[in-house]
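Subject: A structure for you to look through

Hi,

Here is the structure I promised to pass on. Please open it beside this message and follow along as you read.

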Amino acid sequence: MKNRLFGMIAAFLSAGVLGAQAHISTQAHQSPITTLAASGAQNDTSVFSAGADGFLIKWTDDGMGEHYQLTELAVRMIACSPNGNDIAVYETDGAMVNRVSIWNWRTFTRRYSFRSTNPITALAFSAKGTYVLCGTTAMNGITFINATSGSIVSAKIKENTGAVSFAHTSKTENTAVFYSPAGNLTYYNLKNGMRKARFAAESGLSQVCLFNNEVFAAGVKGNGIYVLQATTGQTVGTYSAQKPLLVGTNDRSDLLYLTQENRKLTLHTIKNDRNKTVVSPQTLGTFSGLRQNETLTSATVVNGIMYAGTSLGNVYRFAVPESPADETLAPLTDNMYESISDVASAGEDFYFLTSHAVFRSSYDNGIVVKKGANPGHTNLLAYGTDIILWSKDTKKPVQLLKAETGTLTTLFTPQTNIQSLRRFGDTLVFIEGNATVNSYDITQNTREQLYLGAGLQDALLATPTDLYVAKSSATSPAVPLLHVDTATKEIVPLALRGNVAYALSFDTNAGSGALYGILIAADSNKTTTSLFKWDTRTKTATTFLPLNDEDSDSFTCLAPPVLYTSIGKNQVRGYNLNTRRDLTYKRSASLPRKVAQNGTRLVVLNRDGSISWYNPTLSGVLADWYLTTEEQWFEF
């Protein structure tokens, strides 16, 4: 069944990211650039870059980039609609999640999204923007999505196409051509869904593209470039090239490609010969200036201007020479900001952690005070006026930074990678290797094993003897939440039904006895992610704020009476436990990672290392701040 390749997650997600806005800067991607695409709109020369950081950046003629993070996943492909507004995005975790989303770039809202059971291997809009074409590795390897309604157009093609790694329609949208890695080019009549022609072609080609107004196709196999007559599949030229990157567009009569040697790019052209064959490659220019250990990852060309993306997240731009040239490049992009990796409240101020230092600051005074050096840690906890530094998913020592003197001492060294670390008074509770919950007494310098199990997600000490462990119910005992008496070591499975619990928070107010967290529950029909409350007095559980999807990477933060969460991942929500009012905070250009609150301010740490300030009772952003390399705040 063709319509079973995709499962619709949501249509026209009006809740989306209302009120969000992009940041304008020349900041580079914080991960390798995976793809570049020219805007599909007429007379629009802007170019979009996407990366493993989940950001989409629109680069305009003035060299500035409009930044917006679409997803916490890597973006592998993008396609631009000719309407100038919509962008199709393929997001993936490289394993189970393969999602195609269509976004309106003007409003920064996701219109609809779909899940595929197979990896996406081709993504394109039809020539007039009527459809989004999704190629996959399945036997029926092509799916048509109505670009306006988001519905899957069933039986658009009347036969199984096989795997599709390239899809393209004619300008009239009456005909489509698909390339299959098995080795064929197939043309279909889109009015009746019938096959028009199928031609044997070179198999196993990647980077397939058309050029010279659909006369030629080209692709890469090993270290060779193959040029095909698109209407016959016949190979008309084969050329050796070391790791070539093709830059083929239908509006150019020639094929461009880039190669790299050390820190230099070379631009080549393969020219059309009377629409029948092609001539041997010619060198158009060499371009030096790449950074150390920087490699080319993607490229596109628009109106004679080449854009090239790299493994360091940089974008280079240069004109395609009319005659051989030798130039030195400078990237459009730079790294203007320090990335903040963690935040914690400190009285009326907050601590901020970067890769090299710990700073103290606040929204109201904006003064940045360096409290000490950071020897490469990724996480921090406030401990009175001091700071505890540690690193998630590593065996690096847990250290204590004295805020007054800047001195650093080692508390203990974990035996295996630390997954989580929390503080209860003078006691640190931490999970090592997803299997062991240990404690460390700071004042006594003693360590103790509290629980040994499997599939552990989080652990929280609510009282000196009450330990709660969140885990997967796939491991024994088959429940997602446990209570452990740390004095007697008695283990009690709790009556919380679900597949996995994580992100625990405990209400320390006298007499409350309430534990909160996130629960994922799945059955044969659907998966739901909810917040849950475990009443420690009545031993009962309740769930609230359900999300009809799986969210395994969000947070909770309790600042009574408000429980903050990022469930759904797009925005921070503040749920008042007394009034049951759910306040959604407008997000910045980046997705939220963590929150911290003091008496008057709420600060959100974003995934790009920036922070957003809020009045806790209002949904609007007070300001978005980046910490510059000069250790000063820059406000958007």
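Below is what I found, taken region by region. Please keep in mind that this is a predicted model.

**A five-stranded sheet**

A good place to begin is an open sheet with five strands, ordered β22-β23-β24-β27-β31 and mixed in its pairing. The edge positions belong to β22 (245–247) and β31 (325–328); each has a single partner strand, so one side of each lacks a neighbour in the sheet. On average, and ignoring direction, neighbouring strands here are turned by 25° against each other.

At the β31 end, you can follow the pairing with β27 (residues 282–288), which is parallel and runs over four bridges. To find the register, look for Phe287, whose bridge partner in β31 is Glu327.

**The largest nonpolar core**

Several of those strands turn up again in the largest nonpolar core, which has 18 residues; Leu256, Leu258, Leu267, Met306, Phe318 and Val320 touch the most other members. At least two core residues come from each of β22, β23 (255–261), β24 (264–270), β27, β28 (296–302), β29 (305–310) and β30 (315–319). The biggest contribution is from β28, with three residues. As background, nonpolar side chains in soluble globular proteins tend to be buried together.

If you would like one residue to centre your view on, try Phe318. Beyond residues up to four places away in sequence, Phe318 touches Leu258, Leu267, Phe287, Gly304, Ile305, Met306 and Leu329. Phe287 in that list is the residue bridged to Glu327 in the sheet.

**An enclosed strand, β58**

Further along the chain, have a look at β58 (residues 602–606). Five of its five residues are buried, so the strand is largely enclosed by the rest of the structure. In a regular strand, side chains alternate between the two faces of the sheet. Both faces of β58 are covered, with Leu602, Val604 and Asn606 buried on one side and Val603 and Leu605 buried on the other.

What does β58 pair with? One partner is β57 (residues 592–597), which is antiparallel to β58 over five bridges; here Gln597 has Leu602 as its bridge partner. These two strands make a hairpin with four residues between them. Another partner is β59 (residues 611–614), also antiparallel, joined to β58 by four bridges. In this pairing, Val603 stands opposite Trp613. The hairpin of β58 and β59 has four residues between its strands as well, and Gly609 there takes a positive phi near 90°.

**Two single residues**

Is Ser126 buried or exposed? Ser126 lies in the loop between β11 (120–125) and β12 (131–136), and its relative accessibility is 2%, under the 20% cut-off, so it counts as buried. The side chains of Ser126 and Glu173 are joined by a polar contact of 2.6 Å. Leaving out residues up to four places away in sequence, Ser126 touches Pro82, Tyr131, Leu133 and Thr169 as well as Glu173.

Ile24, in strand β2 (residues 23–25), counts as partly exposed because its relative accessibility is 44%. Apart from neighbours within four places in sequence, Ile24 is in contact with Met64, Gly65, Glu66 and Phe636. For a sense of scale, Ile24 and Thr565 are 541 residues apart in sequence and 27 Å apart in space, from C-alpha to C-alpha.

Enjoy exploring, and write back with any questions.

Best wishes

Conventions. Residues are numbered from 1 along each chain as its sequence is written. This is a predicted model: local features need pLDDT of at least 70, side-chain atom pairs count only at pLDDT 80 or more; totals for chains, interfaces and linings use all residues. Side-chain values use heavy atoms; hydrogens and water are left out. Two strands pair if DSSP finds at least two bridges between them. Axes are lines fitted to C-alpha atoms, for helices over the stretch in contact, and angles run from 0 to 180 degrees between N-to-C directions. Buried means under 20% relative accessible area, exposed over 50%, partly exposed in between (1.4 Å probe, protein chains only). A polar contact is a pair of N or O atoms within 3.5 Å; within protein, one must be able to donate a hydrogen and the other to accept it, and residues adjacent in sequence count only if both atoms are side-chain atoms. Contact means heavy atoms within 4.5 Å. A nonpolar core is a set of buried Ala, Val, Leu, Ile, Met, Phe, Trp, Tyr and Cys residues joined through side-chain atoms within 4.5 Å.
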